[in-house]
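Thank you all for coming; I would like to take a few minutes to walk through one model with you, going from a loop to a helix and then to the contact between chains. Please have a look at it first.

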Amino acid sequence: MTSSIEISLGEVAASLVLVALAVALSLWRRADLERDIGIAVVRSIVQLTAIGYVIQAIFDEDSLALVAALIAVMVLFGATQARQRAKRVPRSFVPLLIALSVAGVSTLGLVVALGIFEPEPRFLVPVGGMVIGNAMTAAAVALNRLGDEMHDRSREIEATLALGATATQAATPILRRALRSGTITLIDSTKTTGLIFFPGTMVGMLLAGADPIDAVRLQLILLYALLGSVAIAAVLATTLSYRSFFTPAHQLREPPAP
Amino acid sequence: MLFELEAVDYSRSGTPVLRGLSARLPEGPSCVAGPSGSGKSTLLRLLNRLADPQAGRVLHRGEDVRDRDPLGLRREVCLVPQLPALLEGTVEENIRFAGSCAGREPEVERLLGLAGLDGSFAGRDAAKLSVGEQQRAMLARALAVEPRVLLLDEPTSALDADARDAIEATLRELHRRLEISTVLVTHDLEQARRMADWVVRIDGGRAVEQGPVGELLRVS
């Protein structure tokens with residue numbers, strides 16, 4: 001990697017022209033997205049700026065304890081966010097906490113143990129953030145699918161239970177489909193990366209002046225780490241959650257009142 | 001007595017469905033008859049613990065069903081639901097799945113024959129069968145667990161007269177060949193006369209009368 005780039009506030013402000021374009025298109029088509037776009041812009045400025053200073057402080061302290069604290073906070077927020085997207089799954093917060101924690105820790109632990117990255121904040125923070133973020137999305141999508149299917153296919157589930165099947169046997173086909181839902185997006189984007197789009201890490205490294213081959217290799221490492229972590233997150237979240245749909249007597253619970 | 005229900009209360013989403021219902025169902029072919037919404041299907045679900053009552057007891061051959069392992073109970077007392085609910089895959093895969101639940105290796109062709117289907121149905125996609133064929137496939141699937149009792153939730157409600165008669169003939173043949181008891185839920189009193197020796201009539205979640213079919217449902 002060669003030199004880093006410096007971005008001024010003026011350059012950031014100039015990019016808001018593109019946001020204005022999005023707002024104009026929404027107004028023209030009466031899509032009512034202006035408020036959401038505005039909120040997204042404000043939140044992204046506040047959140048990214050804040051995290052940028054946090055990351056700077058962590059790098060300055062060079063403390064793995066602070067890295068662990070940051071990742072713990074990300075896991076907590078990630079589980080909270082994912083739970084909002086999977087409202088039809090009862091008691092999903094703890095399974096999500098476990099899923100994101102295991103996905104994050106195991107992925108980071110493996111990349112360090114395999115000697116891919118050094119156990120330093122400048123590697124662990126960005127990689128940890130990517131892993132937790134993607135794991136959160138995968139777990140949320142998988143749980144959402146789980147919740148929808150457990151409600152929409154309740155007749156088939158009960159017909160299976162009526163044969164003397166266990167709750168696990170009745171839920172297994174749904175768990176498979178939920179896992180596929182949670183991971184297929186990343187799998188598909190990994191298939192098409194480099195052909196249809198350039199992934200973010202590679203773009204960032206190229207903009208910072210890195211050698212393209214180095215950028216590609218790092219991107220591949222991260223893609224494969226993400227594949228592992230999203231699979232872990234989706235499997236754990238669904239496996240730890242599905243039982244809440246059943247009673248100990250392998251009966252389908254009545255869904256909660258809306 | 002095959003089943004006894006003692007002062008059973010059951011509510012769903014806060015709405016009472018069964019209210020202090022007491023009934024007896026003996027061995028052999030019996031029937032639970034009543035209008036739509038009377039609680040017939042719910043009663044059936046209590047017999048093999050797909051649901052538990054909020055009050056009262058359900059006894060199976062004198063034993064409270066809550067003292068039984070629910071999985072073992074359901075393999076002995078197998079429910080065939082009203083609407084087709086087969087798993088994705090072929091008819092044979094459905095039957096073999098049911099057999100695996102009971103730790104059995106099912107004889108697929110024999111079971112299809114018992115349910116009135118020929119062997120060619122084994123490889124057919126379950127989702128592409130007609131409603132009547134799906135009912136028969138579900139019956140074959142239920143028989144794969146080798147139950148001692150079959151609970152049948154309105155097995156002919158979605159069928160025309162010819163298909164209904166064919167299913168009824170199949171069920172009567174099953175009685176003759178396998179000597180298993182059946183509890184059939186129906187809203188059709190004529191069907192109750194044709195298919196059962198004992199009937200429990202329910203309405204508004206309560207048993208209004210019960211007894212031998214010949215006494216309660218005289219030919220009009």
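Asp62(A) counts as exposed, because it has 11 C-beta neighbours inside 10 Å and a residue with 12 or fewer is classed that way. I should say at once that this is a predicted model. Asp62(A) sits in the loop between H2 and helix H3 (64-85) of chain A, and its phi is positive, about 55°, although it is not a glycine.

Asp32(A) can be described in similar terms: it lies in the loop between H1 and helix H2 (34-61) of chain A, it has a positive phi of about 55° without being a glycine, and, with 9 C-beta neighbours inside 10 Å, it counts as exposed. Arg30(A), just after H1(A), also takes a positive phi of about 55°.

That brings me to the helix itself. H1 of chain A, residues 9-29, has 21 residues and reaches 31 Å from its first C-alpha to its last, which is close to the 30 Å expected at 1.5 Å a residue. How many of the 21 residues of H1(A) are buried? The number is zero, so the helix lies largely in the open.

Let me finish with the contact between the chains, which takes 18 residues from chain A and 23 residues from chain B. On the side of chain A that touches chain B, the elements giving two or more residues are helix H6 (154-161) and helix H7 (167-192) of chain A, and H6(A) gives the most, with six residues. The residues of that side of chain A divide into eight nonpolar, six polar and four charged.

Methods: Residues are numbered from 1 along each chain as its sequence is written. Chains are lettered from A and ligands numbered from 1 in the order in which they are written. This is a predicted model: local features need pLDDT of at least 70, side-chain atom pairs count only at pLDDT 80 or more; totals for chains, interfaces and linings use all residues. Helices (H or I, at least four residues) and strands (E, at least two) are DSSP runs, numbered from the N terminus. The expected span of a helix is 1.5 Å times one less than its number of residues. A residue is buried if 20 or more other C-beta atoms lie within 10 Å of its own, exposed if 12 or fewer, and partly exposed in between; C-beta atoms are placed from the backbone. Two residues are in contact if their C-beta atoms, placed from the backbone, lie within 7 Å. Ala, Val, Leu, Ile, Met, Phe, Trp, Tyr, Cys and Pro count as nonpolar, Asp, Glu, Lys and Arg as charged, and the others, Gly among them, as polar.
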